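Visitor: Hey, could you walk me through this structure? I'm new to this.

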Amino acid sequence: MKLILLGPPGAGKGTQAKMLTEKFAIPQISTGDILRAAVKEQTDLGIKAKQFMDAGQLVPDEVVIGIVSERLQAEDCANGFILDGFPRTVAQADALRDVLNELGKQLDKVLSLTVDTEALVVRLTGRRTCSQCGKGYHIRFDPPPSDGRCVCSGELFQREDDQEATIRNRLAVYDEQTSPLINYYRQAGLLVELDGMLAIAAVQERILSALQAG
Ligand code: AP5
Ligand code: MG
Ligand code: ZN
């Protein structure tokens, strides 16, 4: 299964991708997670990416394209993958098409999650993430166990770019630079549009039926 999860910040890409990786035993490739790990480790990549991420801007295309091209060639992608947060520009989508062509692989579907803007802001301001295992929570919609720690007992943190002003920038960047990909993949016959306003489990059910429909 070779999938893209497309949607604005807070649409539930990471939440749904994590559930799908368990179901299909294929990796989640989240460019956001890869970049945040690089920032934490203060690698050259991380130092370069941090200024863009803190401002809610996109990291330059050539940087993320390089990361993903390499990642897709890893052995664990042999049976498929779930791209989460990539591509985000038409240039990235074109580059992905070329890389997959070279590898002799084809995308199965592009799952596009639609959510109202104000709901996205509520989701992102209430998001908490486990510092140990990376599991995501929401203080209202998907609360952690009562002691405010993860099921794995790891400590929870709030992402630095989940401040309201940065969230608004990220949403504007999505509208300008990423939303054209909806038409891009519709024209390629790959787009499946899903109501991302539903509860987490209901969205997962819709995704699974869309994948079964072939
Ligand atoms: P990235 O990490 O990809 O962030 P994003 O796209 O802004 O998306 P999020 O991770 O914020 O949202 P999500 O859709 O995963 O939602 P989640 O499932 O967590 O990118 C961060 C930055 O890295 C970018 O700004 C950019 O700088 C850089 N970057 C990354 N990729 C790049 C690229 N390709 N090119 C250039 N730059 C790149 O859910 C959110 C919250 O809502 C959670 O609390 C969750 O519990 C809750 N929730 C989820 N689903 C539901 C539901 N159905 N109902 C109620 N609550 C829900
Ligand atoms: Mg995410
Ligand atoms: Zn955890």
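Guide: Sure, here is a tour of the metal site, a ligand pocket and a few single residues.
Guide: This is a predicted model, where local features need pLDDT of at least 70, side-chain atom pairs count only at pLDDT 80 or more, and totals for chains, interfaces and linings use all residues. Residues are numbered from 1 along each chain as its sequence is written, chains are lettered from A and ligands numbered from 1 in the order in which they are written, and side-chain values use heavy atoms, with hydrogens and water left out.

Visitor: Which residues are the protein donors of the zinc ion (ligand 3)?
Guide: They are Cys-130, Cys-133, Cys-150 and Cys-152, each through its SG atom, at 2.2 to 2.4 Å from the zinc ion. Donors here are N, O and S atoms within 2.8 Å of the metal (3.2 Å for Na, K and Ca); water is not among the atoms, so sites may look incomplete.

Visitor: What arrangement do the four donor atoms make?
Guide: The arrangement is tetrahedral, because the donor atoms subtend angles of 101 to 117 degrees around the zinc ion. Four donors count as tetrahedral if all angles lie between 85 and 135 degrees.

Visitor: And what spacing do the donors follow along the chain?
Guide: The spacing is C-x2-C-x16-C-x1-C. One pair links distant parts of the chain: Cys-133 sits in the loop between strand E5 (127-130) and strand E6 (136-138), and Cys-150, 17 residues apart from it, sits in the loop between E6 and strand E7 (156-157). Those labels come from DSSP runs numbered from the N terminus: helices (H or I) have at least four residues, strands (E) at least two.

Visitor: Is that pair buried or exposed, Cys-150 to start with?
Guide: Cys-150 is buried, with a relative accessible area of 4%. Cys-133 is partly exposed at 43%. Buried means under 20% relative accessible area, exposed over 50%, and partly exposed in between (1.4 Å probe, protein chains only).

Visitor: OK, new topic. Which residues come nearest to ligand 1?
Guide: Thr-15, Gln-57, Arg-88, Arg-127 and Arg-170 do, out of 34 residues around ligand 1. A residue is near a molecule or strand if one of its heavy atoms lies within 4 Å of it.

Visitor: What polar contacts can you show me, say for Thr-15?
Guide: An N or O atom in the Thr-15 side chain is 2.5 Å from an oxygen atom of ligand 1. Arg-88 has a polar side-chain atom 2.5 Å from an oxygen of ligand 1. A polar backbone atom of Leu-198 lies 2.8 Å from a nitrogen of ligand 1. A polar contact is a pair of N or O atoms within 3.5 Å; within protein, one must be able to donate a hydrogen and the other to accept it, and residues adjacent in sequence count only if both atoms are side-chain atoms.

Visitor: How much of ligand 1 does the protein cover?
Guide: The protein covers 95% of the 1000 Å² of accessible area that ligand 1 has on its own. Accessible areas come from the Shrake-Rupley method with a 1.4 Å probe; for residues, only the protein chains shown count as cover.

Visitor: Which element gives the most to the shell?
Guide: H2 does, with four residues. Helix H1 (13-24), helix H2 (31-41), helix H6 (117-125) and E6 each supply at least two.

Visitor: Back to Arg-170: where is its place?
Guide: Arg-170 is in helix H7 (residues 164-178), and it counts as buried at 9% relative accessibility.

Visitor: What else does Arg-88 touch, using its backbone nitrogen?
Guide: That nitrogen lies 2.8 Å from a polar side-chain atom of Gln-92. Gln-92 is in helix H5 (residues 90-103) and is buried, at 2% relative accessibility.

Visitor: Any backbone oddities? What kind of peptide bond joins Phe-86 and Pro-87?
Guide: A cis one, with omega about -5 degrees. Pro-87 is in the loop between strand E3 (81-84) and H5.

Visitor: And what is the phi of Ala-25?
Guide: Phi is near 50 degrees there, a positive value in a residue other than glycine. Ala-25 is in the loop between H1 and strand E2 (28-30) and is exposed, at 66% relative accessibility. Ser-153 also isn't a glycine, and has a positive phi of about 75 degrees. Ser-153 is in the loop between E6 and E7.

Technical notes: Four donors count as tetrahedral if all angles lie between 85 and 135 degrees; four count as square planar and six as octahedral if opposite donors are over 155 degrees apart and all others between 65 and 115; anything else is irregular.
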